[in-house]
Number of protein chains: 2
Amino acid sequence: VSVERESLLIERGEQPAGVPARLAAQLGFLLECDRLKTVLRRNPLVAQDRRENDAEHSWHLALMAVVLAEYAEPAVDVGRVVELVLVHDLVEIYAGDTWIHDPVATAGQAEREQRAAERLFPLLPADQARRLRERWDEFEARRTPEARFAKALDRLQPLLLNYNAGGGTWHNPGVTLDGVRARTSIIDDGAPQLWAYAERLLAAAVAHGQLPG
Amino acid sequence: VSVERESLLIERGEQPAGVPARLAAQLGFLLECDRLKTVLRRNPLVAQDRRENDAEHSWHLALMAVVLAEYAEPAVDVGRVVELVLVHDLVEIYAGDTWIHDPVATAGQAEREQRAAERLFPLLPADQARRLRERWDEFEARRTPEARFAKALDRLQPLLLNYNAGGGTWHNPGVTLDGVRARTSIIDDGAPQLWAYAERLLAAAVAHGQLPG
């Protein structure tokens, strides 16, 4: 669904008068980000029988960054990792979630997300628009140890949820161990010990019939 | 709902063998935290007609901390604020959300949350259990500038959502401007400029008939 012609959430009602322009812009951005809570991912929760949304996923990654930071190789600035994961999915507000195992959807993903970034980040004052855009680019390009660790967590988290929800998205047609391994082995670039764990988890998933071997 | 006799999420299925004990404990905690996504708050989203959950709320606060840090007085360590808001509601996994305007529920809140903390944080290795427990205590006691700013965001965010959702929880019986002001004026302790904004927002809410004046 394209929302490019839709109004911003902040434009739906009359806003308080006399608010400084910089603060008003920041609040407009933060309110627009409420939409991330409505973007559904493919993987399920474990605690409840429903799909996860991007805001929940982003929070979970941030908490994982705090708890699992010791597994980053090389060592990382945890605060920066947290900032990367907080913003890493924001463009999906307009671009939607793209399932990693869907070749048709992944084909147009880069262009969709670029256009989304050009709409979303400029809602902020210029200095912050630049900064958050840079964080998103850093994450996508996996240019830094922080970005590689953040991406590792982004790949590990759905494995943890799928496995503990009885298989989750692995039951979809065409998903195989080789396919999942190919798309998650970049965990190894940011956190080799977490990749060793992921390999054990995938082997267990195959053994339990959750994932075709 | 008490889950003290319920099993942990990590205990529901067989886990991969050969995982180091420290990592297994960390993953058990992180999986248990999936439950935060099922704890509903009273306030609505703006982007969709449903109530917000604690994980979405925590993510939104963390993003607000990054974008609004410049309004903290005195200046704060943003990374620490983010860590505080990521963990500030975790005890609600077992204690449930307590609506700030419900005097009966708030009466038993402290004890419920203490028991929840004693169940949740010790799932982590001892050093991390201590650290996250300290973060939660710091937030609750508003002992530091970071905690006072985090608490300010925690009070501001539902104002922003209620206002832009047409009033939200302000339409509940017994809610008045004076009551809302009394429970949100601590925004002033951490971020005076954001409190000035909140006052404008509350005045506009009264003017628009969202909140009894």
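Okay, so buried here means under 20% relative accessible area. Keep that in mind, because A:Cys33 sits at 0% and therefore counts as buried. B:Cys33 is buried as well, again with a relative accessible area of 0%. And this is a predicted model, by the way. While we're on cysteines: how many disulfides does the structure hold over all chains? The count is 0.

Right, the two chains. Turn chain A by 180°, with a shift of 0.0 Å along the axis, and it lies on chain B with an RMSD of 0.0 Å. That's the relation of a two-fold axis. The same surface serves both copies, too: 100% of the contact residues of chain A recur in chain B.

Now have a look at helix H1 of chain A, residues 21-32. With 12 residues at 1.5 Å each, H1 should span 16 Å, and its end C-alpha atoms are 16 Å apart, so that agrees. Plenty to see along H1(A): among its buried residues are A:Leu23, A:Leu27, A:Phe29 and A:Leu30. What covers them? From chain A, the cover includes helices H4, H5 and H6; from chain B, it includes H2, H7 and H10.

Last stop, the core. The largest nonpolar core has 143 residues. Those with the most contacts inside it are Phe29, Leu68 and Leu90, in both chain A and chain B. Take A:Leu68: leaving out residues up to four places away in sequence, it touches A:Phe149, A:Leu153, A:Leu156 and A:Leu194 in its own chain. Across in chain B, A:Leu68 touches B:Leu23, B:Gln26, B:Leu27 and B:Leu30.

Terms used:
Residues numbered from 1 in each chain as written. Chains lettered and ligands numbered in written order. Predicted model: local features only at pLDDT ≥ 70, side-chain atom pairs only at ≥ 80, totals over all residues. Heavy atoms only, no water. Least-squares fit on C-alpha atoms with pLDDT ≥ 70 in both. Contact = heavy atoms within 4.5 Å. Helix = DSSP H or I, 4+ residues; strand = E, 2+ residues; numbered from the N terminus. Expected span 1.5 Å × (residues − 1). Buried < 20%, exposed > 50% of the residue type's maximum accessible area, 1.4 Å probe, protein only. Disulfide = S-S within 2.5 Å. Core = buried A, V, L, I, M, F, W, Y, C linked by side-chain atoms within 4.5 Å.
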